[in-house]
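This report goes through the sheet, the cores, the ligand shell and some backbone features of one model. The text follows the sequence and coordinates shown here.

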Amino acid sequence: MTTILIATKNEGKAKEFKAFFGPKGFKVKTLNEMDELPDIIENGKTFTENALIKAQTLTDKLKMTVLADDSGLMVDALDGAPGIFSARYAGDHDDAANNAKLLRELKGLPLSKRTATFHTSLAVTSVSKEPLIVAGNVKGLILDKQRGADGFGYDPLFYIPELDKTFAELTPIEKNKVSHRGKAVQVLSENFDDWWER
Ligand SMILES: O=c1nc[nH]c2c1ncn2[C@H]1C[C@H](O)[C@@H](COP(=O)(O)OP(=O)(O)OP(=O)(O)O)O1
Ligand SMILES: [Mg+2]
């Protein structure tokens, strides 16, 4: 059985990928189950570069098949910030502080000008293979206060007008149908088997 390592410590993310690779006959592991990890310097200028750096560094060191996700939020009124710096927007990796900072930065701006895009880049790497790279995006609006209790990160502020709900008001299955990560996984599912057999 081939093992695929999901290059994340975020169990919420990992769960979605386990649901995808488990039925394909892969044994799925996350970084939380590895004891020796190389230092990974995510110094890319794009989500895709960072996902690729994470995945390829782990494949090179561990000789394993690896999937890495790099994702984040781009707010139009902030010229695309926080972007690749989404996890550390307010300093630490702290969702509450990040959301508070986002609300401060957008204070007073009407809803129509609070447009934003969530992005996910996925990179899959394996020994002596070219990387497989896919992406997904979703557009929404940043509310002026949080709504909903599910999800993680910026979910309580990210509002989908068509659903009249934030990501934090959706079940995981509902979120997957419309989210950046759900769309990227959809594209992955259309390309993975061909790439793996190549
Ligand atoms: O669906 C999402 N719903 C809400 N927020 C989200 C989502 N997707 C990414 N985000 C935010 C959270 C974090 O502030 C940053 C991701 O950063 P990102 O480096 O990809 O993930 P991470 O550090 O949580 O986990 P890891 O690097 O171990 O995969 O963007
Ligand atoms: Mg991260």
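G72 stands opposite H119 in strand 4. The model that shows this pairing is a predicted one. Next to G72 in sequence, L73 has F118 of strand 4 as its bridge partner. Strands 3 and 4 are antiparallel to each other, and 10 bridges hold the pairing.

**Strand 3 and the sheet**

How many residues of strand 3 are buried? The count is 11 of 11, so strand 3 is largely enclosed by the rest of the structure. Its residues point in two directions: T65, L67, D69, S71, L73 and V75 go one way, while V66, A68, D70, G72 and M74 go the other way. Both sets are buried throughout, and they include D69 and D70.

Strand 3 also pairs with strand 1, here in the parallel sense and over 3 bridges. In that pairing I6 is the residue opposite L67 of strand 3. Strand 1 runs parallel to strand 2 (residues 27-30) as well, with 4 bridges between them. I4 faces V28 of strand 2. Strand 1, helix 1 and strand 2 together form a β-α-β unit of right-handed sense.

The pairings discussed so far are collected below.

| Strands | Sense | Bridges |
|---|---|---|
| Strand 1 and strand 2 | parallel | 4 bridges |
| Strand 1 and strand 3 | parallel | 3 bridges |
| Strand 3 and strand 4 | antiparallel | 10 bridges |

These strands belong to an open sheet of 7 strands with the order 2-1-3-4-5-6-7 and mixed pairing. Which strands form the edges? They are strand 2 and strand 7 (165-166), each of which pairs on one side only.

**I4 in strand 1**

I4 is a residue of strand 1. Around I4 there are 21 other C-beta atoms within 10 Å, and because the threshold for a buried residue is 20 or more, I4 counts as buried. Beyond its neighbours within four places in sequence, I4 is in contact with F21, F26, V28, T65 and L67. One of these, V28, is also the residue that stands opposite I4 in strand 2. N50 is 46 residues from I4 in sequence, and the C-alpha to C-alpha separation in space is 19 Å.

**Nonpolar cores**

Nonpolar side chains in soluble globular proteins tend to be buried together. The largest nonpolar core of this model has 23 residues, of which A7, A55, L67 and L122 touch the most other members. Two or more residues of this core come from each of strand 1 (3-6), helix 1 (11-21), helix 2 (47-62), strand 3 (65-75), strand 4 (115-125) and helix 5 (180-197). Helix 2 gives the largest share, 5 residues.

What does A55 touch, residues up to four places away in sequence not being counted? The list is A7, V66, L67, A68, A123, V124, T125 and P131. A second core, separate from that one, holds 15 residues, including L73, Y154, F158 and F167. L73 is the residue already described as the bridge partner of F118.

**Surroundings of ligand 1**

The shell around ligand 1 comprises 20 residues, and T8, S71, S86, A87 and G153 come nearest. Strand 3 supplies the largest share of this shell, with 5 residues. By class, the shell has 5 nonpolar, 9 polar and 6 charged residues. S71 is among the buried residues of strand 3, on the side that also holds D69 and L73.

**Backbone features in the loops**

Most residues other than glycine have a negative phi, and most peptide bonds are trans. Departures from this pattern are found in two loops of the model. The peptide bond between A81 and P82 is cis, with omega about -5°. P82 is located in the loop between strand 3 and helix 3 (95-105).

That loop also contains D79, a non-glycine residue whose phi is positive, near 55°. D79 has 8 C-beta neighbours inside 10 Å and therefore counts as exposed. D164 is found in the loop between strand 6 (158-160) and strand 7. Its phi is positive too, near 50°, and D164 is not a glycine. Is D164 buried or exposed? D164 counts as exposed, because 8 C-beta neighbours lie inside 10 Å.

Key. Residues numbered from 1 in each chain as written. Chains lettered and ligands numbered in written order. Predicted model: local features only at pLDDT ≥ 70, side-chain atom pairs only at ≥ 80, totals over all residues. Core = buried A, V, L, I, M, F, W, Y, C linked by C-beta atoms within 7 Å. Buried ≥ 20, exposed ≤ 12 C-beta atoms within 10 Å, placed from the backbone. Contact = placed C-beta atoms within 7 Å. Pairing = 2+ DSSP bridges. Right-handed = clockwise from strand over helix to strand, strands pointing away. Near = placed C-beta within 6 Å. Nonpolar A, V, L, I, M, F, W, Y, C, P; charged D, E, K, R; others polar.
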